[in-house]
Amino acid sequence: MNETPRFDAYRAAIPDALMPPRDDPFDAAVPPIYQTSLFLFDSYKELEDVFAGRSKKPIYSRGDNPTVRILERKIAEMEGAEAARAFSSGMGAIAAAVLAFVGPGDRIVTVRHVYSDAFRFFEKVLKRFGVAVDYVDGADTEAMIAALPGAKLAYLENPTSMVFEVQDLSAIAEAARRHGVVTMVDNSWATPLFQSPLAVGIDIVIHAASKYLGGQSDTVAGLVAGSKAHIDRINSEIYPYTGAKLAPFEAWLVLRNLETLPFRMRHHHGAALEVASSLKAHGDVTNVMHPALADHPGKRTFRGFGGLFSFEVSDEIDVADFVDALRLIRIGVSWGGPESLVVPAKAALSISPETNVFARFGVSARTIRLNVGLHAASDVIADLKQALTAAKR
Ligand SMILES: *Cc1c(COP(=O)(O)O)cnc(C)c1O
């Protein structure tokens with residue numbers, strides 16, 4: 001299970017994407033923060049040229065902002081996309097991207113363990129507007145493909161972020177294209193380094209930049225990347241009117257932390273593999289859900305692996321005692337930053353059942369999600385082991 005991430009391929013595929021932009025008037029090494037809501041015009045003609053689409057000069061920061069544009073350009077380059085759009089959160093990105101492509105009477109096919117708030121968006125918002133949603137086992141490619149005819153959108157998340165269900169993106173993309181179904185993939189876990197959905201035929205890539213792209217647990221941001229036609233549709237149908245724009249300072253934080261992405265991902269990849277192997281061999285761990293493991297269901301196509309995965313503890317372990325016995329590893333949602341974190345599914349199962357994706361699709365109360373942050377694998381392993389011992393009944 002020791003696959004080495006291809007950092008050289010990454011460098012070759014996206015030359016300059018991590019370098020400072022080359023068009024700064026002062027050759028600043030770090031992009032400026034254009035902290036302005038509006039932009040001024042020297043003449044009637046200059047204003048009319050922008051309104052008529054003859055000029056790309058920004059008008060107002062709810063639409064376009066130069067700092068945000070730098071981030072959008074970099075993400076487009078990293079994903080091999082023609083265009084990208086930044087949002088004030090991953091959910092802002094998901095909601096806008098989905099709403100641009102579905103309407104009353106349409107059907108969405110998605111994976112059953114989809115991100116919990118995407119699930120709530122489907123159940124609480126889209127269903128109210130007459131959109132049907134089918135939840136399918138993402139690792140079952142035949143079932144995914146069988147659900148596609150007649151659907152408008154296939155919304156994927158590879159892997160899902162509680163039980164790490166993986167999907168065969170190229171097979172699903174190929175079938176979706178035949179049936180005229182638009183495809184979207186949440187690529188937050190793999191990042192553009194470890195998975196390139198557009199290269200295998202997926203239409204649109206989504207990122208919760210709050211996770212690895214931001215990388216520092218200091219900002220909430222989202223991104224959508226795809227063809228110019230698809231991003232234009234999101235821009236013209238939804239983006240300006242729902243107002244989920246990314247602020248220039250938040251874009252700057254993501255830009256700053258993007259520069260260390262390859263180094264952080266190399267650590268998350270290797271450290272999480274070590275921790276997963278150690279847990280797999282532990283007598284009080286009954287299951288490890290990490291996409292690198294040979295017995296993990298579904299077809300894996302990643303070039304490397306994120307540092308977030310789950311495991312199940314045996315009946316001998318009291319989940320609450322285990323979580324409380326951890327010292328280095330903290331309790332907290334989200335992931336992708338320097339901290340090592342756990343989320344016990346048991347606590348999440350107490351969320352009201354009608355919008356609880358974990359209860360609906362059967363996540364075990366013995367599941368612990370672990371984010372291996374920037375700690376040494378040996379320190380994370382030692383903490384897990386001492387807490388398992390302390391929590392043994
Ligand atoms: C966090 C997360 C999101 C949502 O991103 P926000 O920035 O929190 O809105 C979407 N997908 C996945 C897989 C996530 O982990």
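Reader: What makes Tyr155 count as buried in this structure?

Author: In this predicted model, Tyr155 has a relative accessible area of 0%. Buried means under 20%, so Tyr155 is buried.

Reader: Where does Tyr155 lie, and with which residues is it in contact?

Author: Tyr155 belongs to strand β4. Leaving aside neighbours within four places in sequence, Tyr155 is in contact with residues including Ile94, Val98, Ile108, Phe122, Met184, Asp186 and Ile206. Of these, Met184 in β5 stands opposite Tyr155. Along the chain, Tyr155 and Ser340 are 185 residues apart, and their C-alpha atoms are separated by 29 Å.

Reader: How do you know that β4 and β5 pair?

Author: Two strands pair if there are at least two bridges between them. Strand β4 (residues 153-157) and strand β5 (residues 182-186) have five bridges, in the parallel sense, so they meet that condition.

Reader: What is the order of the strands in the open sheet, and why are β1 and β3 said to stand at its edges?

Author: Seven strands form the sheet in the order β1-β7-β6-β5-β4-β2-β3, with mixed pairing. β1 (83-87) and β3 (132-136) each have a single partner strand, so one side of each is left without a neighbour in the sheet. On average, neighbouring strands of this sheet are turned by 20° against each other, direction ignored.

Reader: Which helix lies across β1, β6 and β7?

Author: Helix α3 (residues 66-79) lies across these strands, and its direction is at about 130° to β1.

Reader: Why is Ser196 called partly exposed rather than buried?

Author: The relative accessible area of Ser196 is 22%. Buried requires under 20% and exposed requires over 50%, so Ser196 falls in between and is partly exposed. Ser196 is placed in the loop between α8 (191-194) and β6 (204-208).

Reader: What makes the link between Ser196 and Arg303 a polar contact?

Author: The side chains of Ser196 and Arg303 are joined at 2.9 Å. A polar contact needs a suitable pair of N or O atoms within 3.5 Å, so the distance satisfies the limit. Apart from neighbours within four places in sequence, Ser196 is in contact with Glu79 and Arg303.

Reader: Why is the pair of Phe302 and Phe305 called edge-to-face?

Author: A search of the whole structure finds 13 aromatic pairs. For Phe302 and Phe305, the ring centres are 6.0 Å apart and the planes are at 65°. Pairing requires centres within 6.5 Å, and planes over 60 degrees apart count as edge-to-face, so this pair is edge-to-face. Phe302 and Phe305 are both buried, and together with Phe164 and Trp189 they form one aromatic cluster.

Reader: How do you know that Phe311 and Phe322 form an edge-to-face pair?

Author: Their rings are 6.2 Å apart centre to centre, with 85° between the planes. The limits are within 6.5 Å and over 60 degrees, so the values for Phe311 and Phe322 meet both conditions. This pair links distant parts of the chain, with Phe311 in strand β9 (residues 308-313) and Phe322 in helix α13 (residues 319-325), 11 residues apart. Phe311 and Phe322 are both buried.

Reader: What makes Lys57 and Arg85 examples of a charge over a ring?

Author: The charged end of Lys57 sits over the ring of Phe41, at 4.8 Å from its centre. Arg85 lies over the face of Tyr239, at 3.9 Å from the ring centre. The distance limit is within 6 Å, so the values for Lys57 and Arg85 satisfy it.

Definitions and conventions: Residues numbered from 1 in each chain as written. Predicted model: local features only at pLDDT ≥ 70, side-chain atom pairs only at ≥ 80, totals over all residues. Heavy atoms only, no water. Phe/Tyr/Trp six-rings, centres within 6.5 Å; stacked < 30°, edge-to-face > 60°. Buried < 20%, exposed > 50% of the residue type's maximum accessible area, 1.4 Å probe, protein only. Helix = DSSP H or I, 4+ residues; strand = E, 2+ residues; numbered from the N terminus. Lys NZ or Arg CZ within 6 Å of the ring centre and 35° of its normal. Contact = heavy atoms within 4.5 Å. Polar contact = N/O pair within 3.5 Å; in protein donor to acceptor, adjacent residues only side chain to side chain. Axes fitted to C-alpha atoms, helices over the stretch in contact; angles between N-to-C directions.
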